[in-house]
Amino acid sequence: METKSRILVIDDEIGIRKGCRRVLEPAGYTIDSAASFREGLNKIKQEQFDLILLDVMMPDGRGVDLLAPIHDQDPETVAVVITGYATVEMAVETIKRGAYDFIAKPFTTDLLLTTVQRGLEKRRLSMDAQRLQVLEKQAYEQALAKQQAEKLDKFKSSFATMVAHELRSPVAGVQSLVRTLLRGMAGELSDQQAEVLTRVETRLDFLLHLINDLLALAASKSLDEEKPLQPVPVQTVLQRVLEGFTEEARSKPVEIKQSLPAEPLVVRASEDGLDSILRNLVGNAIKYTPAGGNVRVECESDGEDAVLRVADTGIGISTEDLAHIGEEFFRAKNAHLQGFPGTGLGMSIVRQYVDRFDGQMNIASEEGKGSTFTIKLPLWRE
Ligand code: ADP
């Protein structure tokens, strides 16, 4: 609801005060009045007005001396000076000191109304301009903060990539030397030496895993927004990923069941990204499912999206931890306590790619029973 504009008339002449009220009240304004400089000053200090009609000369003070207190209260309050013929010069001076306009006595109803309307319009415009300035400033500050956050994020990614790159070759080198030692190619090993070296090999495996995950995460983050997405055949990538896990599943053993539609599904993605999503989901399902369990991989189309589902009968995820899956380095308590190796990076890679491909991810899980990861990716359209 729009509130009425509030106008104060400060004039020692009762005729002017009454006249202003008679003209302005029917025009929809709320009018208050003061009969002297002192009374006017008190009202200015206690209340807020949109516009003040101000007699330039009053027995107890000059209207010009009220301009400073008026603008101290509210710089946007509009002051219009009322002046007699003899004091026009003073009215001009008051304008120099911040009054908006003046009207000389005797004045017509029309002149009073148009001057007041113009004054109030000026107030409305300068308040709009102020609001706009505040909004512009806020928008500028937000854009700046976003730019800085993006810069920092880019720096973190490129730093992680650089460190991971530099670490990968020496770690892989040490791993191959350890394997050479373990195979006895540099002389017989005692049982104790073999045991220690096997532990070293396990640690190195983990380290290489971490480095590779960091590199994959950096790659998923640095996906060029401008680079167009490609048509990627889901079944081809999925078959390749499943073949890569055949040996691991067989040796555990975990049975992999698959249900793929006959007609080829093609999504809007990048091949590396889809490969990474599926490798992480299938790899996790096998890893977190104890021997004897099974993993089910399905895909279908719902007309809009390809729906990929990886379900397992593994350790599951507690409701408390479920909300955090996909945060960098987050690992659920049970995975950690039961000694499953991992870095907590795979799911954040999955999340990055799913977002980039405008897809959705849903996880349904019950601790001790198993989990179902469902990914929807938009189908490729010509
Ligand atoms: P990690 O290298 O630890 O497996 P991920 O980022 O791939 O890291 O997964 C994050 C966490 O999500 C895991 O540590 C595990 O707690 C949980 N998780 C992922 N997939 C499964 C699954 N299929 N079953 C149970 N827990 C899972």
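How many bridges join strand 12 to strand 14, and which way do the two strands run? Here are a few notes to help you find your way around; keep in mind that this is a predicted model.

1. To take that question straight away: strand 12 (residues 305-312) and strand 14 (residues 370-378) are antiparallel, and eight bridges join them. If you want one pair to look up, try Asp-312, whose bridge partner in strand 14 is Ser-371.

2. Now zoom out to the sheet around that pair. It's an open sheet of five strands, in the order 9-11-12-14-13, with mixed pairing. Strand 9 (255-259) and strand 13 (360-366) sit at the edges with a single partner strand each, so one side of each has no neighbour in the sheet. From one strand to the next, the twist averages 10°.

3. Helix 8 (residues 271-287) packs on this sheet. Have a look at what helix 8 touches: strand 9, strand 11 (294-301), strand 12 and strand 14. The direction of helix 8 makes about 20° with that of strand 12.

4. Over to a pair of helices. Helix 1 (residues 14-24) packs with helix 5 (residues 109-182) at an angle of about 70°, and their axes are 10 Å apart. That angle makes helix 1 roughly perpendicular to helix 5.

5. And who meets whom there? On the helix 1 side you'll find Cys-20, Val-23 and Leu-24, and they meet Thr-109, Leu-112, Leu-113 and Val-116 of helix 5. Sorted by type, the residues of this contact come out as six nonpolar, one polar and no charged.

Technical notes:
Residues numbered from 1 in each chain as written. Predicted model: local features only at pLDDT ≥ 70, side-chain atom pairs only at ≥ 80, totals over all residues. Heavy atoms only, no water. Axes fitted to C-alpha atoms, helices over the stretch in contact; angles between N-to-C directions. Helix = DSSP H or I, 4+ residues; strand = E, 2+ residues; numbered from the N terminus. Parallel < 35°, antiparallel > 145°, perpendicular 65-115°, else oblique. Contact = heavy atoms within 4.5 Å. Nonpolar A, V, L, I, M, F, W, Y, C, P; charged D, E, K, R; others polar. Pairing = 2+ DSSP bridges.
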